[in-house]
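Me: Please take a close look at one strand of this model. I would like to know what it pairs with and how well it is covered.

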Amino acid sequence: MGKNYRIAVIPGDGTGPEVMREALKALDAASQKTGFSTEQVHFDLGGERYLRTGEILPPGVLEDLGKFDAILLGAIGHPDVKPGILEKGLLLELRFKLDQYVNLRPVILYPGVETPLNDKGPDDINFVVVRENTEGLYCGAGGFLRRGTPHEVAVQESINTRLGAERCIRFAFDYCRKRNYRKKLTLCGKTNVLTYAFDLWQRAFNDVAKEYPDIQTDYAHVDATCMWMVKNPEWFDVIVTDNMFGDIITDLGAMIQGGMGIAAGGNINPQGVSMFEPIGGSAPKYTGLNIINPVAAVAAAQMMLEHLGETSAAVLVENAIKKVVSTDLKSLAAGRMGYSTTEVGDLVAKYIAN
Ligand code: IPM
Ligand code: MN
């Protein structure tokens, strides 16, 4: 008998529930095939609930979520809710309070998937971004002075702690070693302008690097990182960076790996509960049409399996993703796949089962 995992499922907003159904199909197919089981508990959180009841993260829910083996999240964000409320009150709150201090985002181009980089292929686009996930500009430090007046001041501070940078950097070195690919870790920062924040990062990076003589180290400013990601993505293996830069470069990463239809990420607390999500958002304009690509959500489930140590199940799911994107889908874009959301989920589940 395989293990049983308790999975908290947050379908969330927009197309979140649609892609989540397909991710769970893949998860169930993988569990049947390889012999573990899951108990899935659904949580009604997101914009709909907020508009209905005014609740974002009701008391006790955080504690409940903290007791699961993992969390699978669809999408957060609602067109009728002012920007920032759900993002800060739910998504970032979960990341912060569950201390998911790494946001792990693979940028891998699968064979047969179209990339806007003309002369680049799967051998060139294969790296992972380790984004710090609890600090930096995201921590909400700052405020207004004289708001709404001509003398208005807005301050938004980037908080960088040695502990926060160092634990993220150490995770990145470990990950790079385990990945065992090019064995190269690049620090992405802005040491020429952000001379406090990235001085701290650079010193932490150099100190931790001494413990990993087998890993080659490199540094690139964030603007140059964007340039190399387009021009020479093959230079990267693992990139470690702060929260804001990581947010930006991983959207660029998603585009070069085939788009939001395939990009997934994990919010990792190595000592606690981690949360996996497609990174594309709630895509309100595609909601309810059964045309959104669920592969990114399936890829999130695959990352979850890997994290839980269900390696053979993760490999099955990854192979099913590779097969569906290379042989079936006409495009990874919503509405242009040649199949509906549910049909893509069925194909993935079929490939896992057989
Ligand atoms: C992401 C998203 C979030 C972020 C938003 C929705 C708060 O863009 O996961 O990258 O900025 O982290
Ligand atoms: Mn983002």
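Reply: In strand β11, G266 has L104 standing opposite it. This is a predicted model, with local features needing pLDDT of at least 70 and side-chain atom pairs pLDDT 80 or more, while totals for chains, interfaces and linings use all residues. Residues are numbered from 1 along each chain as written, chains are lettered from A and ligands numbered from 1 in written order, and side-chain values use heavy atoms without hydrogens or water.

The L104–G266 position belongs to β11, whose partner β4 (residues 102-108) runs antiparallel to β11 and is joined to it by 3 bridges; strands are DSSP runs of E, at least two residues long and numbered from the N terminus, and two of them pair if DSSP finds at least two bridges between them.

β11 also pairs with strand β12 (residues 274-278), again in the antiparallel sense, here over 4 bridges. Within that pairing, N267 of β11 has M275 of β12 as its bridge partner. The link between β11 and β12 is a hairpin of 5 residues.

As for cover, strand β11 spans residues 264-268 and 5 of its 5 residues are buried, so the strand is largely enclosed by the rest of the structure. Buried here means under 20% relative accessible area, with a 1.4 Å probe and protein chains only. The cover extends to both faces: A264, G266 and I268 are buried on one side, and G265 and N267 are buried on the other. G266, opposite L104, and N267, the bridge partner of M275, therefore lie in a strand that is largely enclosed.

Methods:
Buried < 20%, exposed > 50% of the residue type's maximum accessible area, 1.4 Å probe, protein only.
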